Amino acid sequence: MTMPQKVSILKLYVAGTTQLSIRALKKLNTLLEQEFQGSYALKVIDVIKNPQLAEKDKICATPTLVREQPPSSTKFVGDFSCPENFLLYMDFGKGLGF
């Protein structure tokens, strides 16, 4: 019997369809598929269309990634240009089943 795979739920806050937002989403999708191969769910939230959601998570800059499950107070702000820093900053390796 195989153990169920843990899934992380992530929220990426962007501001519209700017070049920065599009670049961040592309880089994040690539990074997540390379490193975690489907063991995540990603919600993209446009703060221009849904400012109340950004306010709820105390988002003051975009792009910002928030880990909803498992819960974390850690946020990553930026376009994911340096995957090594992103992985260290988000501490994905500890307690997530990856």
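Visitor: What area does the chain expose, and what share of it do carbon and sulfur atoms supply?

Guide: The exposed area is about 6,200 Å², with 56% supplied by carbon and sulfur atoms. Such areas come from the Shrake-Rupley method with a 1.4 Å probe; for residues, only the protein chains shown count as cover. This is a predicted model, in which local features need pLDDT of at least 70, side-chain atom pairs count only at pLDDT 80 or more, and totals for chains, interfaces and linings use all residues. Residues are numbered from 1 along each chain as its sequence is written, and side-chain values use heavy atoms, leaving out hydrogens and water.

Visitor: What confidence does the predictor assign to the chain?

Guide: On the pLDDT scale, the predictor's confidence in each residue from 0 to 100, the chain has a mean of 83, and 85% of its residues reach 70 or more. Over residues 93–98, however, the pLDDT is below 50, and this stretch has 11 contacts in the model beyond near neighbours in sequence. A contact means heavy atoms within 4.5 Å. Where pLDDT is low, the predicted coordinates should not be read in detail.

Visitor: Which pattern do the helices and strands follow along the sequence?

Guide: The pattern is β-α-β-α-β-β-α, made from 3 helices and 4 strands. Helices (H or I, at least four residues) and strands (E, at least two) are DSSP runs, numbered from the N terminus.

Visitor: Why are E2 and E4 said to stand at the edges of the sheet?

Guide: The sheet is open, has mixed pairing and orders its 4 strands as E2-E1-E3-E4. Strands E2 (40–46) and E4 (75–77) each have a single partner strand, so one side of each lacks a neighbour in the sheet. From one strand to the next, the twist averages 20°.

Visitor: What makes E1 and E3 a pair?

Guide: Two strands pair if DSSP finds at least two bridges between them; E1 (residues 8–14) and E3 (residues 64–69) are joined by 5 bridges and run antiparallel. Tyr 13 stands opposite Thr 64 in E3.

Visitor: Where does helix H1 lie?

Guide: Helix H1 (residues 19–36) lies across E1, E2 and E3, and runs at about 175° to E2. Axes are lines fitted to C-alpha atoms, for helices over the stretch in contact, and angles run from 0 to 180 degrees between N-to-C directions.

Visitor: Why is the pair of Phe 76 and Phe 80 called stacked?

Guide: The structure holds 1 aromatic pair. Its rings, those of Phe 76 and Phe 80, have centres 5.1 Å apart and planes at 20°, so the pair is stacked. Rings of Phe, Tyr and Trp (its six-membered ring) pair if their centres lie within 6.5 Å; planes under 30 degrees apart count as stacked, over 60 as edge-to-face and the rest as tilted.

Visitor: Is Phe 80 buried or exposed?

Guide: Buried means under 20% relative accessible area, exposed over 50%, partly exposed in between (1.4 Å probe, protein chains only). With 3%, Phe 80 is therefore buried. Phe 80 lies in the loop between E4 and helix H3 (83–90) and has a positive phi of about 65°.

Visitor: Why is Lys 58 called exposed?

Guide: Its relative accessible area is 68%, so Lys 58 is exposed. Lys 58 lies in the loop between H2 and E3, with phi near 55°.

Visitor: Which bond joins Thr 62 and Pro 63?

Guide: A cis peptide bond joins them, with omega about -5°. Most residues other than glycine have a negative phi, and most peptide bonds are trans.
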